[in-house]
Amino acid sequence: MQRSGGTVSALYKMNEYEKSETISLAELSLPEDLKKLSVRQCESLCAEIRNMLISTISNNGGHLASNLGVVELTMALHRCFISPEDKIIWDVGHQTYVHKILTGRAERFPTIRKENGISGFPKPEESSHDIFISGHSSTSVSVACGVAEAMKLQNRDNYTIAVIGDGAMTGGMFYEAMNNAGKERRSNMIVILNDNDMSISRNVGALAKHLTNLSNSEQYISTKKNVKDTLNAIPVLGKPVAKGIKNTKDAVKYKILDRSSWFENMGFTYLGPVDGHNLSELEKIMKKAKYYHKPVVIHVKTKKGKGYEPAEKNPGGYHGISKFDIETGNPEVSADKCYSTVFGKELVRLAEKDDRICAVTAAMKYGTGLQFFSKRFPKRFYDVGIAEQHAVTFCGGLASMGQIPVFAVYSSFLQRAYDQLIHDVSIGKLHVILGIDRAGVVGEDGETHQGLFDVPMLTTIPDAVIYSPSCYEELKLCMKKAVYANKHLTAVRYPRGAEEVSFNRDYLSTEYLFVRRNNSDTLIVTYGRLYNEVYKAQCILSGNGINCDILKLTKIYPLSRDITGEMKNYKRIVFFEESMGNGSISEKIGNKLAESGYSGDYSRVTADGYVKHASVRSCLEKLGLTCEKMAEYIQERCKTNGKA
C-alpha cells in the first residue's frame with residue numbers, strides 16, 4: 001500500500017475523521033482513506049490540492065489549467081472506484097497530476113517533471129495506479145476496450161474507466177474505439193467525457209436538466225426495467241405498447257438532449273451533463289453508471305483553470321506553462337522570442353506576398369506560433385482539431401488545387417500521420433510543407449514528447465526534403481526555400497525554445513558549410529541547434545591543442561552528391577546528431593562513406609532508446625551532445641587513433 005502520511009490504525013483514523021470537518025493529505029493512506037471521508041472533508045482536500053498544483057507548477061512548469069479543472073472529478077473517481085483493481089485510463093495524460101497526488105505520491109509531487117522525479121504523464125513503472133502510458137490524445141477508449149476485454153477473459157468483474165477530454169473527440173481514433181466498444185457491449189466500461197467548453201455541445205435548459213436528473217436516478221432505471229418487463233409479458237399488446245412508449249420517450253429525450261442520441265446510437269447509455277465541480281453530484285452519477293453493467297458515457301462539465309483566476313481567464317495560456325509568478329501569473333520565460341514565434345511571424349510575412357500559402361494546425365495554434373497567421377489571414381488558417389492524419393491529407397487536398405499548405409506540428413505528434421505522408425502526399429508528388437516544431441530533445445515532458453523520430457521517419461519517404469536550421473535567420477532562409485525551391489514534401493524542423501548562438505552569423509547556408517581550421521584531419525559533422533555546441537567544442541579542443549574542422553548541414557536530406565567526396569579527405573570523422581541513431585542522417589552518411597571505400601575512423605553519437613524527462617541540458621549531456629561531452633569524446637578518439 002502506498003502512503004503519504006502516518007501509520008495510525010484504520011479504526012482510530014475513521015473516528016478522528018468523523019470529528020473533523022477538515023483533513024489534510026498528510027494524514028491519509030491514499031487512495032483508500034478517501035472513501036471514509038465526508039463530502040465536506042473531501043472539498044477541503046480539493047482546496048489543498050489546488051494550492052499544491054499552483055505552488056508546484058509555478059516552480060516546475062507543467063500543465064496547470066487542465067489539472068485545476070479535474071480536481072473534483074479525480075476525487076470522485078477515487079471515492080467511487082477501487083484503484084488499481086478498477087482501471088482508470090487517462091486521455092491525455094497531462095491531466096493526471098491530481099490522480100498522482102491521490103494515489104500515494106503527494107510527498108513526491110514537488111519533484112514532478114524534474115529529473116529523477118515523478119513524470120508529468122501516467123507511467124506504469126512509477127505506480128500500479130497508472131494503467132497505461134498516455135502522452136498523445138484520443139487513445140483512452142481504445143485502451144479501455146482492450147483492458148475491459150482482458151478482464152472479461154480473466155473473469156474479473158472490475159470496472160474500466162476512460163477519462164477523455166472533449167478536445168480529444170476531434171481525433172478519429174476515438175470514434176473507431178467508441179464504435180467497437182458499443183457494438184461489442186463491453187460490460188463495466190465507463191467513458192467519462194470531460195467537457196470544458198472546448199467545443200462539444202450547447203448549454204441545456206431547466207427542462208432538459210430536470211429530465212437528465214430524472215433519467216439518471218437509480219429508482220428511474222429500476223422502474224423503467226420493471227415496466228418494460230411487465231409490458232413485454234402481456235400477450236399480443238404488451239410489446240407494441242412498450243415499443244410505443246419507448247419511441248415517444250426517445251423522441252422527446254433526443255429533441256431536448258440531442259447530444260445523447262449519438263452516444264446511445266453507438267451502444268452507450270448516456271448520463272449527464274453533470275457539474276464537474278460538484279462532488280456530491282459527481283459521486284451520485286458515477287454510482288448510477290456502475291449500476292448499469294454495460295457501456296456508459298458520463299458527460300461532465302468542468303472549467304479549465306478552476307480556482308486560479310489567471311488560468312480561468314486564459315486557459316490556453318496555462319495549458320502548458322513554464323515557471324510563473326503566482327501573484328501576477330506572469331511566466332518566467334517569455335514566448336516573444338523563440339523558434340515557434342519566429343516561424344509563425346515569418347510565415348505571415350511570406351503569406352503577405354503569396355496568397356497561395358495556407359496554415360494548418362492540429363489544435364496547437366499557440367504552441368506552434370500560428371496565432372499570428374490566424375489573426376492576419378483567418379480565411380487561410382485551419383485548425384482541424386487533434387487529427388494529425390486528417391491534417392496531412394487535408395494539406396494534400398489543398399496542394400492538389402495549387403495552394404501551398406504549411407502544417408505546423410510537434411515532431412512527436414507527426415508520428416501519427418506517417419501513412420498519410422506517404423500515400424496522400426508523397427506518391428502524388430504534392431507540395432506540402434511541414435513546420436516540425438519541438439524537433440529533438442524537449443526535456444521535461446519525457447519519452448512521449450521527445451522529437452527524436454521525425455528524421456528517421458521522413459528519410460524513408462522518397463523525394464522528401466528536410467531542412468534543419470541552426471538559428472533564427474537560417475530558419476527564415478529555409479522557410480523561403482521550402483516554399484519556392486521545392487515542389488514535393490518538404491520539412492523544416494526546429495527545436496523548442498530560444499536560439500543559442502556563439503558562432504558567427506555571417507556564415508549561414510541552406511545547404512551545407514565547412515568551417516575549417518589549420519588543415520585538420522578531424523572533422524565534426526552536425527546540424528540544427530547542435531551546431532552551436534559543436535562550435536563551442538571546437539573552441540575547447542583548440543585550447544587543448546586539437547584542431548577540428550566542422551561540417552554544418554542545413555539541408556540534411558537528401559544529401560548533396562559531392563559531400564562524402566570532401567569528407568573522405570579526413571582521417572577521423574565524428575557525427576553528433578540529436579536524433580535516434582537507427583535511420584539517422586549519420587547512419588546514412590556512414591553507409592555512403594563505407595560504399596565509397598572510406599577507411600578512416602568514422603563514429604557517431606546519437607540517441608539510442610527513449611529519453612526520460614529531465615531538463616533539455618541534462619538530457620543532452622546524458623546523450624553526449626553538450627560541448628563539454630563532445631570535446632571529451634573527440635579527445636578520446638584522438639588518443640585511441642593518434643592525435644590530429
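These are my notebook entries on the salt bridges and on one sheet of this structure, which is a predicted model.

**Entry 1: a buried pair**

I began with the salt bridges, of which the structure holds 33. The one I opened on joins Glu474 to Lys552, with 2.7 Å between the closest N and O atoms. I then looked up where the two residues sit: Glu474 belongs to helix α20 (residues 472-484) and Lys552 to strand β14 (residues 549-553), so this salt bridge ties together parts that are 78 residues apart in sequence. For exposure, I noted that Glu474 has a relative accessible area of 0% and is buried, and that Lys552 is likewise listed as buried, with a relative accessible area of 0%. Since buried means under 20% relative accessible area, I entered Glu474 as buried because its value is 0%, and Lys552 because its value is 0%.

**Entry 2: Glu499, Glu500 and their partners**

I next turned to Glu499, whose side chain meets that of Arg505 in a salt bridge at 2.6 Å, N to O. Arg505 has a relative accessibility of 36%, so I wrote it down as partly exposed.

For Glu500, I found a salt bridge with Lys536, in which the closest N and O atoms are 3.0 Å apart. Glu500 lies in the loop between β11 (490-493) and β12 (512-515), while Lys536 lies in helix α21 (residues 530-543), so the pair ties together parts that are 36 residues apart in sequence. Glu500 counts as partly exposed, at 45% relative accessibility. I also followed the shared partners outward, and found that salt bridges join Glu500, Glu533, Lys536, Arg617 and Glu628 into one network.

**Entry 3: the five-stranded sheet**

I then traced an open sheet of 5 strands, which come in the order β1-β2-β3-β5-β4 with parallel pairing. At its edges stand β1 (87-91) and β4 (269-275), and each has a single partner strand, so one side of each is left without a neighbour in the sheet. On average, neighbouring strands of this sheet are turned by 20° against each other, direction ignored.

Within the sheet, I looked more closely at strand β2 (residues 160-165) and strand β3 (residues 189-195), which run parallel and are joined by 6 bridges. For Val163, I recorded Ile192 as the bridge partner in β3.

**Entry 4: a helix across the strands**

Last, I checked helix α4 (residues 71-80), and found that it lies across β1, β2, β3 and β5 (296-301). Against β1, helix α4 runs at about 160°.

Note on methods
Residues numbered from 1 in each chain as written. Predicted model: local features only at pLDDT ≥ 70, side-chain atom pairs only at ≥ 80, totals over all residues. Heavy atoms only, no water. Salt bridge = Lys/Arg side-chain N within 4 Å of Asp/Glu carboxyl O. Helix = DSSP H or I, 4+ residues; strand = E, 2+ residues; numbered from the N terminus. Buried < 20%, exposed > 50% of the residue type's maximum accessible area, 1.4 Å probe, protein only. Pairing = 2+ DSSP bridges. Axes fitted to C-alpha atoms, helices over the stretch in contact; angles between N-to-C directions. Contact = heavy atoms within 4.5 Å.
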